[in-house]
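The following exercises are to be worked with the sequence and the structure at hand. Each task is followed by a solution in steps.

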Amino acid sequence: MSSPTTSAPHVAHRFLDVADWLEAKGASRYAERIRSIFADSGALTTYTAAFCGLFSAGKSSLVGALSGTHLKTGANPTTAEVEAVEIATKRGTLRLLDTPGIDSTDDRHREATMNALYQADLVVVVTDYQHVEADSNLELLQMFAESEKPLLFVVHQIDKHLEAELSFDEFAASVRDLAADYGVDPSRVFFTSVRPSPYSQLDELRAYLVQSAESGLGTGGEPMLRRLIEVAREGVSACYEAELAARAQAVEIACGRAPQTLDEAREWLWDAKRRAEALAQEAEERRQDAKRRAEALCDGWLRTVDLAQIAPYETAEKGRRYIESLRPDFKVGVFRAAKKTDAEREARLAAFVRDLAEKVENFLTRPLSAEMAQQIRDLGLGAAAEQRLIERCQGLRVHIDEAYVQACVKPGSLVSTEYGHQFVRDVQDRVRREMRAQVQTLAEELWASIEDKIREEEAKRLAEREAADARCRALRSYVEYGEQYENALASVTQGEVPRDE
Ligand SMILES: Nc1nc2c(ncn2[C@@H]2O[C@H](COP(=O)(O)OP(=O)(O)OP(=O)(O)O)[C@@H](O)[C@H]2O)c(=O)[nH]1
Ligand SMILES: [Mg+2]
């Protein structure tokens with residue numbers, strides 16, 4: 001437990017506000033305990049040791065002997081309510097609480113004793129000589145060990161020890177080992193008796209208690225403050241534990257295991273966040289990769305269109321000859337020249353068209369569509385998409401006829417003798433432009449198919465991504481609540497009312 005930052009008694013008063021807060025949170029039991037510590041007029045100058053143990057261990061006899069008072073004792077369950085006796089010390093009062101014997105099989109009984117412990121600065125677990133190792137006694141020891149109060153372990157009625165059966169030293173050593181198993185320091189183990197016995201450490205026990213009280217009370221009000229903090233922290237735990245456990249269970253469902261500590265949960269959350277981000281990023285990277293590949297394909301196809309030899313020298317020559325035949329001064333023959341000239345023009349046009357169409361088919365359309373079909377096959381898009389796209393490749397076409405070529409002629413340029421070359425370039429450009437447009441449309445259709453495939457594959461990974469997100473959510477909720485809980489504990493440890501978030 002954290003120690004208080006200041007021992008000034010006025011700090012204690014702030015706990016009345018903490019009590020109100022606990023009350024409002026539904027932890028009225030703890031609010032009551034805080035108020036009852038205040039109601040105890042001697043609280044600031046009192047150090048309290050609670051004597052607890054099974055029935056008839058000799059608690060009342062022991063408390064009586066230590067304080068020089070007479071308390072009711074007996075073989076049957078005797079003490080019915082917590083009784084206090086006081087011993088004056090140099091710095092204040094040492095209060096001894098004699099508590100009713102605990103029937104460890106009765107939960108309500110145990111709870112009643114545990115409830116009284118909030119008043120104690122120290123718990124003395126008393127066991128009688130004959131029951132040191134009895135199960136019920138060990139259970140009790142376990143219960144007190146968990147309460148986190150400073151513990152003394154007292155073996156009472158040591159006058160019953162028979163040296164002939166077992167040496168006292170051996171017995172004492174085994175008791176100290178046992179106590180150590182429950183976290184009790186060997187220096188806090190005592191053997192006592194109210195009857196004469198060479199082994200009784202009644203005086204040592206009294207001296208130890210007085211010494212504890214004096215050092216506890218030394219700085220003024222600290223035992224009370226410590227008790228207040230302890231009760232307030234228990235109250236905070238009562239407020240938060242159930243919800244925290246529920247959130248831990250949600251984490252267990254999402255992660256397969258519940259976190260043991262808040263730090264562990266924070267670590268898990270960090271890992272889970274990174275995993276979720278990595279999964280999302282991987283998905284995006286896969287998409288980007290696919291996009292880059294598709295773009296590279298399209299670029300390659302466009303390059304094929306640009307580089308295809310669709311008008312080699314002899315084809316270009318035919319084009320130029322056709323243009324030449326369109327010039328105003330072009331004339332064939334002397335007789336019936338007009339008709340012959342027209343016939344020549346048509347012949348040159350037909351020759352150019354035929355040749356060009358053949359070259360386009362052989363050097364552009366066919367190789368391009370074969371290249372595209374092969375590359376699309378290599379993508380493994382799935383039968384249906386693949387077939388559809390390959391059919392589209394096979395449908396790539398620039399339909400070249402006379403009208404197509406004639407449409408490229410710019411009549412105003414016919415006067416120039418150089419125009420023939422330009423005309424052939426214009427026709428080629430038109431062919432390439434139209435083919436590029438078809439390729440681009442097809443590339444868009446291809447990308448749509450690739451995206452479909454990506455979506456299909458991502459759907460398979462969706463379960464993993466959703467699980468990662470669910471882990472993040474459960475852990476975040478646990479960590480947030482755990483932090484509120486931690487902050488509330490830290491606040492009440494300072495005597496401050498936790499801020500409600
Ligand atoms: N031999 C021996 N008997 C003891 C000693 N101390 C107590 N007794 C006896 O043990 C019995 C129980 O003593 P109590 O002091 O009443 O025990 P308790 O733990 O207060 O009992 P409850 O209040 O009923 O839980 C009585 O008969 C006592 O006389 C002791 O040191 N030696
Ligand atoms: Mg008693």
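**Exercise 1.** In this predicted model, determine which backbone oxygen the side chain of Arg327 reaches, and decide whether Arg327 is buried or exposed.

*Solution.*
Step 1. Locate the residue: Arg327 belongs to the loop that runs between helix H10 (313-326) and helix H11 (337-378).
Step 2. Follow the side chain of Arg327 to its partner, which is the backbone oxygen of Ser416, at 3.1 Å.
Step 3. Apply the cut-off, by which buried means under 20% relative accessible area. Arg327 has a relative accessibility of 16%, and therefore counts as buried.

**Exercise 2.** Examine Arg336, and state what is notable about its phi angle and whether the residue is buried or exposed.

*Solution.*
Step 1. Arg336 is placed in the loop between H10 and H11.
Step 2. The phi of Arg336 is positive, at about 45°, although the residue is not a glycine.
Step 3. The class "exposed" requires over 50% relative accessible area. Because its relative accessibility is 63%, Arg336 counts as exposed.

**Exercise 3.** Describe the setting of Gln157: its position, its backbone angle, its accessibility and the partners of its side chain.

*Solution.*
Step 1. Gln157 lies in the loop that links strand S5 (151-156) and helix H6 (168-181).
Step 2. Gln157 is not a glycine, yet its phi is positive, at about 65°.
Step 3. With 16% relative accessibility, Gln157 counts as buried.
Step 4. Two partners of the side chain can be named. One is the backbone oxygen of Ser56, reached at 3.5 Å. Another is the side chain of Lys160, joined to that of Gln157 by a polar contact of 2.4 Å.

**Exercise 4.** Characterise the surroundings of ligand 1: which residues come nearest, which polar atoms face its oxygen atoms, and how much of its area does the protein cover?

*Solution.*
Step 1. There are 22 residues around ligand 1, of which Lys59, Ser61, Thr78, Thr79 and Asp159 come nearest.
Step 2. Sort these surroundings by residue class: the shell consists of five nonpolar, 13 polar and four charged residues.
Step 3. Identify the main contributor among the secondary-structure elements. Helix H3 (residues 59-67) gives the most to the shell, namely three residues.
Step 4. List polar atoms that lie opposite oxygen atoms of the ligand. A polar backbone atom of Gly58 is 2.9 Å from an oxygen atom of ligand 1. For Ser60, an N or O atom of the side chain is 2.8 Å from a ligand oxygen. For Gly101, a backbone N or O atom is 3.2 Å from an oxygen atom of ligand 1.
Step 5. Assess the cover: on its own, ligand 1 has 650 Å² of accessible area, and the protein covers 89% of it.
Step 6. Relate the ligand to the pockets: the space that ligand 1 takes is the second largest pocket.

**Exercise 5.** For Ile87, Ala31, Ala350 and Ala232, establish the element, the accessibility class and one C-alpha separation.

*Solution.*
Step 1. Ile87 is part of strand S2 (residues 83-89). At 13% relative accessibility, Ile87 counts as buried. Its C-alpha atom is separated by 9.8 Å from that of Arg206, with the two positions 119 residues apart along the chain.
Step 2. Ala31 belongs to helix H2 (residues 28-39) and is buried, its relative accessible area being 0%. The C-alpha atoms of Ala31 and Phe15, 16 residues apart along the chain, are 9.1 Å from each other.
Step 3. Ala350 is in helix H11. A relative accessible area of 22% makes Ala350 partly exposed. Its C-alpha atom is 7.0 Å from that of Glu402, although the two residues are 52 apart along the chain.
Step 4. Ala232 is found in helix H8 (residues 222-255) and is buried, with 0% relative accessible area. Between the C-alpha atoms of Ala232 and Ala246, which are 14 residues apart along the chain, the separation is 22 Å.

Definitions and conventions. Residues are numbered from 1 along each chain as its sequence is written. Chains are lettered from A and ligands numbered from 1 in the order in which they are written. This is a predicted model: local features need pLDDT of at least 70, side-chain atom pairs count only at pLDDT 80 or more; totals for chains, interfaces and linings use all residues. Side-chain values use heavy atoms; hydrogens and water are left out. A residue is near a molecule or strand if one of its heavy atoms lies within 4 Å of it. A polar contact is a pair of N or O atoms within 3.5 Å; within protein, one must be able to donate a hydrogen and the other to accept it, and residues adjacent in sequence count only if both atoms are side-chain atoms. Accessible areas come from the Shrake-Rupley method with a 1.4 Å probe; for residues, only the protein chains shown count as cover. On a 1 Å grid over the protein atoms alone, a cavity is a set of points where a 1.4 Å probe fits but cannot get out, and a pocket is an open set with protein on both sides within 12 Å along at least five of seven lines; lining residues have an atom within 4 Å of a point. A molecule sits in a cavity or pocket if more than half of its atoms lie within 2 Å of its grid points. Helices (H or I, at least four residues) and strands (E, at least two) are DSSP runs, numbered from the N terminus. Ala, Val, Leu, Ile, Met, Phe, Trp, Tyr, Cys and Pro count as nonpolar, Asp, Glu, Lys and Arg as charged, and the others, Gly among them, as polar. Buried means under 20% relative accessible area, exposed over 50%, partly exposed in between (1.4 Å probe, protein chains only).
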